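User: I've got a model open in my viewer and I'd like to talk it through. Can you take my questions one at a time?

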Amino acid sequence: MAQILKGAPVVAAMNEANAARCAALKEKGIVPTLAVVRVGAREDDISYEKGIVTRCGKVGVEVRQFHLAEDVTQEELLDVIRQINGDASVHGCLIFRPLPKRFDDRRIQERLPRKRMWTASRTARWLVCLPTCPSVIRPARRRPALRS
């Protein structure tokens, strides 16, 4: 007999568990914090970012948003990344991609390893894992498409 699986109860259970983990970290003086870096104002990125802020708020993860204009220089973006890397109170970072083609992606990637960072793009959306509390938010995994 087929069983219909619903995502809402799973998401609710995950949110409850993650909220408890965040609360436990806050009792220890750690406020889980995610930096979100967005270049430009693409409508789909803005919508996705709103969802991130909402989901993080539900479990107790603070979000610091870094919104850069479409015409930002690569050096200005690298300065923001340096700022995030130098801030010990930020535990993870999400950078929206694709970045403008004028950027040297390899140079930007070289600046990323200090914090756990994932990129978000139209083809692959990622949740961010915070290294000080790895079980708070887990990286999303690509799953094979369900066939009907």
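What follows is a short round of questions and answers on this model.

Analyst: Before we start, this is a predicted model, so to speak of ground rules: local features need pLDDT of at least 70, side-chain atom pairs count only at pLDDT 80 or more, and totals for chains, interfaces and linings use all residues. Residues are numbered from 1 along each chain as its sequence is written, and side-chain values use heavy atoms, with hydrogens and water left out.

User: In what order do the elements of the chain run from the N terminus on?

Analyst: Helices (H or I, at least four residues) and strands (E, at least two) are DSSP runs, numbered from the N terminus. The chain has 4 helices and 4 strands. Read from the N terminus, the order is α-β-α-β-α-β-α-β.

User: What percentage of the residues in the chain is buried?

Analyst: Buried means under 20% relative accessible area, exposed means over 50%, and partly exposed is in between (1.4 Å probe, protein chains only). The chain has 148 residues, and the buried part of them comes to 37%.

User: How many aromatic pairs are there, and of which kind?

Analyst: Rings of Phe, Tyr and Trp (its six-membered ring) pair if their centres lie within 6.5 Å; planes under 30 degrees apart count as stacked, over 60 as edge-to-face and the rest as tilted. The count is 1 aromatic pair. The ring centres of Tyr48 and Phe96 are 5.8 Å apart and the planes stand at 85 degrees, so this pair is edge-to-face.

User: How many residues apart in sequence are the parts that Tyr48 and Phe96 tie together?

Analyst: Tyr48 is buried at a relative accessible area of 15%, and Phe96 is buried at 2%. Tyr48 belongs to helix 2 (residues 43-59) and Phe96 to strand 3 (residues 92-96), so the pair ties together parts whose separation in sequence is 48 residues.

User: Which residue has its charged end over the ring of Tyr48?

Analyst: A charge sits over a ring if NZ of Lys or CZ of Arg is within 6 Å of the ring centre and within 35 degrees of the ring normal. Here the charged end lies 5.9 Å from the centre of the Tyr48 ring, and the residue is Arg55.

User: Why does Cys56 have no bond to the closest cysteine sulfur?

Analyst: A disulfide is a pair of cysteine sulfur atoms within 2.5 Å, and the structure holds 0 disulfides. Cys56 is buried, with 5% relative accessibility. The closest cysteine sulfur to that of Cys56 is in Cys22, and the gap is too far for a bond: 8.4 Å.

User: Where are the buried residues of helix 1 placed around the axis?

Analyst: Start with the length: the 21 residues of helix 1 (residues 7-27) should span 30 Å at 1.5 Å a residue, and the end C-alpha atoms are 30 Å apart, which agrees. (The expected span is 1.5 Å times one less than the number of residues.) The buried residues of helix 1 are Asn18, Cys22 and Leu25. They cover an arc (taken from the directions from the helix axis to the C-beta atoms) of only 55 degrees, which puts them on the same side of helix 1.

User: And which residues are exposed on the other side of helix 1?

Analyst: This is the side opposite the buried set. The exposed residues there are Pro9, Glu16 and Glu27.

User: How wide an arc do the buried residues of helix 3 cover?

Analyst: In helix 3, the buried residues are Gln74, Leu77, Leu78, Val80, Ile81, Ile84 and Asn85. They sit on the same side of helix 3, because their arc around the axis is only 155 degrees.

User: Which backbone nitrogen lies 2.5 Å from a polar atom of the Gln74 side chain?

Analyst: A polar contact is a pair of N or O atoms within 3.5 Å; within protein, one must be able to donate a hydrogen and the other to accept it, and residues adjacent in sequence count only if both atoms are side-chain atoms. Gln74 is in helix 3 and is buried at 14% relative accessibility. The backbone nitrogen in question is that of Asp104.

User: Which residue has its backbone oxygen 3.3 Å from a polar side-chain atom of Thr33?

Analyst: Thr33 lies in strand 1 (residues 33-39) and is buried at 1% relative accessibility. The backbone oxygen comes from Ser89.
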